[in-house]
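Work through the exercises below with the structure in view. Try each task before reading its solution.

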Amino acid sequence: RERERESVCVCVCKLQGHKSSVRCILDVPSLNGVITASLDATMMLWDKLGGKRPRKVYKGHRNGILGVAYSADLKIIVSAGITDELLVWNPFVEKKVTELTGHKGALLGLHIVESRVGAYQMLSSDKAGVFKVWDLRSLECIQTFSCAGELQGIRQYMNLAHKNLIVAASGRRFQEFEFSYSNTPELTDDQEVVAALY
């Protein structure tokens with residue numbers, strides 16, 4: 001019988017910067033970096049190649065951050081606070097672009113929805129059972145639905161983008177919800193805006 005090989009993990013780089021526990025780590029290949037988000041209400045962009053200091057420090061949340069999503073197609077970061085804050089960031093600037101409003105309860109998280117035309121939509125949810133689908137090109141909510149009557153106190157959810165489904169779970173129960181893509185040319189565009197005149 002062969003002896004099982006022991007694996008040894010070796011610390012390659014130690015990153016220090018947050019003052020509280022890190023709640024989210026997101027790999028961002030297009031920026032050649034990693035984004036961390038913490039209960040200290042900051043996000044940091046780190047070089048993958050190491051580096052003792054973060055490349056960027058994003059401050060703007062009133063309370064801690066529990067989730068981060070990145071759209072490589074639009075080059076924007078969205079962060080979810082532990083309250084109802086959804087903030088939008090340009091990864092190259094340390095100041096928030098805007099806040100997406102509409103949630104009334106503590107957020108559970110957010111996911112970029114991949115589709116055949118790109119990653120232009122995002123799904124967010126809160127503990128009250130409210131889901132919102134956002135068009136990241138116009139930064140507007142295009143669909144809201146609630147499962148508060150069916151599921152109380154949602155703890156987890158996932159996006160099955162290839163079927164336009166969301167599966168939400170609470171305790172031992174789970175339920176599927178369908179959402180739709182925006183095809184209204186007046187609300188969205190197929191390409192990102194590169195210049196504006198006013």
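**Exercise 1: a histidine and its contacts**

Find a polar partner of the H18 side chain, then place H18 in its surroundings.

Solution.
- Step 1. Start from the predicted model. The side chains of H18 and T36 make a polar contact at 2.7 Å.
- Step 2. Look for another polar contact. The H18 side chain also makes one with the side chain of T42, at 3.1 Å.
- Step 3. Locate H18 in the chain. H18 lies in the segment before β1, and β1 covers 22-28.
- Step 4. List the neighbours. Leaving out residues up to four places away in sequence, H18 touches T36, A37, S38, D40, T42, M43 and M44.

**Exercise 2: buried or exposed?**

Decide whether H18 is buried or exposed, and say why.

Solution.
- Step 1. Take the relative accessible area of H18, which is 18%.
- Step 2. Apply the cut-off: buried means under 20%.
- Step 3. Conclude. H18 counts as buried because its relative accessible area is 18%, and the limit is under 20%.

**Exercise 3: reading a sheet**

Give the strand order of the open sheet of 4 strands, then find its edges.

Solution.
- Step 1. Write the order: β5-β6-β7-β8, with antiparallel pairing.
- Step 2. Pick out the strands that pair on one side only. These edge strands are β5 (65-71) and β8 (96-100).
- Step 3. Add the twist. From one strand to the next, the twist averages 25°.
- Step 4. Zoom in on β5 and β6 (residues 76-81). These strands run antiparallel and are joined by 6 bridges.
- Step 5. Name one bridge partner. A69 has V78 as its partner in β6.

Note on methods:
Residues numbered from 1 in each chain as written. Predicted model: local features only at pLDDT ≥ 70, side-chain atom pairs only at ≥ 80, totals over all residues. Heavy atoms only, no water. Helix = DSSP H or I, 4+ residues; strand = E, 2+ residues; numbered from the N terminus. Buried < 20%, exposed > 50% of the residue type's maximum accessible area, 1.4 Å probe, protein only. Polar contact = N/O pair within 3.5 Å; in protein donor to acceptor, adjacent residues only side chain to side chain. Contact = heavy atoms within 4.5 Å. Pairing = 2+ DSSP bridges. Axes fitted to C-alpha atoms, helices over the stretch in contact; angles between N-to-C directions.
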